[in-house]
Amino acid sequence: MLPRQLSKTILEISKHFSVILITGPRQVGKTTLLETLAPEREYVTLDDLEQRRLAKEDPGLFLQIHKPPLIIDEVQYAPELFSYIKMHVDKNQQPGAFWLTGSQKFHLMKNVTETLAGRVAIIDMLGISYPELTNNIEHSSAFLPTDEWIENRIKLKTKPLDINEVYEIIFRGSFPKLLSDKDMPRDIFYSSYVQTYITRDVKDITKIGDEIQFLNFLKAIAARTGQLINYTDIARDVDIDVKTAKAWASILETSGLIKFLYPYYNNITKRIIKTPKMYFLDTGLCAYLTGWDTPKTLANGAMNGAIFETYVFAEILKSYWNNGKTPNIYFYRDTNQQEIDFVFDTDGTLYPVEVKKTAAPLRKNISSFKVLEKLGKPVGKGAVICLYDKILPLNREINIVPVGEI
């Protein structure tokens, strides 16, 4: 099993909360992680129809039979449990009593926030990060291009990634099963994953009459990763209405397959584009859905820049979520065509970051950073994340950061 950085985070949070809920897409390793952290805990999965029936019909008896400390897998199938978990928590005040997992946030979050408010810590989990893949989690921290972060990364002397290695990682994706079993046929894995996702999770969330049409929608979304979301174009391509396109995109987001990134906006920025960008959170699944057959064709194809940016975005998210943090991350784009890939708003300071699929970033790559000076906030150090082989100043305020350092 590959080491998971969330291990330390979960154990620490368990000291302070009676209930922990790990959410994320199927097969990112939620259950494996919890069972590995606490093999002495009883484990119950509500994928088991008998256990699910008991939890739904008699949740009080379920918790008499299965006593905390307890792991309950796929808890979204029995929302009836939450009131009884609340009663147990309020009576016993036992830290870490319940570890829950769920892969369908669509209905799950509403039930949890209404019933267990103040008692549950919610942790988002994605696939394997690059530090986990290279067994280098001890010094991995949330990415922010400050002087302190840069100095710490320089001390680690991380092995640089070349373009072939980067696109091999992008192409393979981040699901633990694919990365721990190198002989696992990639296409078979993703084909099975998509079919399982559509037939199980999507049908549980909403009624979809045409599975082929939803699959076409999934492919259309994947082809637009890293772009501003345009529901009209997507609806036209898939032959659905705009309302349906928005509803289906919401399903993908709450399932943890995509994430929307919103533009930075304040009262000064009158000319900002307000449409969000959309990113797939697993580049291997994205590459599979868009029909790329090898890392080399992906690296040389029309999506090479967008999927490189997508990979960087997902790795940034993991660097925060795996440390129990939430990034205040946005993008910038205005009607004058000034654009910055990522803008972090941290402690009242803006940090600009550009992503470039190049080993030789130029000063013109950061020309848009100057627009942040007009937004009424201090501007901190910036970064260009790229394929260069070491951290290096581009100027006094901007550093070149190799993609493998995130």
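**Pockets, helices and cores of a predicted model**

Author: The lining of the second largest pocket divides by class into five nonpolar, seven polar and seven charged residues. This is a predicted model, in which local features need pLDDT of at least 70 and side-chain atom pairs count only at pLDDT 80 or more, while totals for chains, interfaces and linings use all residues. Residues are numbered from 1 along each chain as its sequence is written, and side-chain values use heavy atoms, with hydrogens and water left out.

Reader: What makes a lining residue nonpolar, polar or charged?

Author: Ala, Val, Leu, Ile, Met, Phe, Trp, Tyr, Cys and Pro count as nonpolar, Asp, Glu, Lys and Arg as charged, and the others, Gly among them, as polar. Of the 19 residues that line the second largest pocket, Q27, V28, G29, K30 and T32 lie nearest its centre. V28 is therefore nonpolar, K30 is charged, and Q27, G29 and T32 are polar.

Reader: What makes a space a pocket, and what makes it a cavity?

Author: On a 1 Å grid over the protein atoms alone, a pocket is an open set of points with protein on both sides within 12 Å along at least five of seven lines, whereas a cavity is a set where a 1.4 Å probe fits but cannot get out; lining residues have an atom within 4 Å of a point. The second largest pocket holds about 380 Å³, a volume being the space filled by probe spheres set on the points, which are joined across faces, edges and corners.

Reader: Which element gives the most to the lining of the second largest pocket?

Author: That element is α2, with three residues. Two or more residues come from each of α2 (30-37), α10 (176-180) and α11 (186-205). Helices (H or I, at least four residues) and strands (E, at least two) are DSSP runs, numbered from the N terminus.

Reader: How do you know that the buried residues of α2 line one face of the helix?

Author: The buried residues (under 20% relative accessible area, with a 1.4 Å probe and protein chains only) are K30, T31, L33 and L34. Seen down the axis of α2, they fall within an arc of 160°, taken from the directions from the helix axis to the C-beta atoms, so they line one face. Their cover includes α1 (6-14), β1 (19-23), β2 (42-45), β3 (70-73) and β4 (98-102), by contact (heavy atoms within 4.5 Å).

Reader: Which residues of α1 are buried, and what puts them on the same side of α1?

Author: They are L6, S7, T9, I10, I13 and S14. They cover an arc of only 165° around the axis, which puts them on the same side of α1. They pack against β1, α2, β4, β5 (120-124), α7 and α17.

Reader: Why is Q27 called partly exposed, and why is D239 called exposed?

Author: Exposed means over 50%, and partly exposed means in between that value and the limit for burial. Q27, at 42% relative accessibility, therefore counts as partly exposed, and D239, at 64%, counts as exposed. Q27 lies in the loop between β1 and α2, with a positive phi near 70°. D239 lies in the loop between α13 (231-238) and α14 (242-254), and its phi is also positive, about 65°, although D239 is not a glycine.

Reader: What makes a set of residues a nonpolar core?

Author: Its members are buried Ala, Val, Leu, Ile, Met, Phe, Trp, Tyr and Cys residues joined through side-chain atoms within 4.5 Å. The largest such core has 95 residues, and those with the most contacts inside it are F217, F280, I316, F342, F344 and V403. Helix α17 (residues 304-321) gives the most to this core, with nine residues. Another core, of 23 residues, lies apart from it, with L46, L54, L81 and F98 among its members.

Reader: How many cavities of 30 Å³ or more does a search of the whole structure find, and what lines the largest cavity?

Author: The search finds five. The largest cavity has about 100 Å³ of space; of its 15 lining residues, I128, S174, Y311, E315 and K318 are the closest to its centre. The largest share of that lining, four residues, comes from α17. By class, the lining has eight nonpolar, four polar and three charged residues. The second largest cavity has about 60 Å³ of space, and its lining includes V28, S174, F280 and D282.
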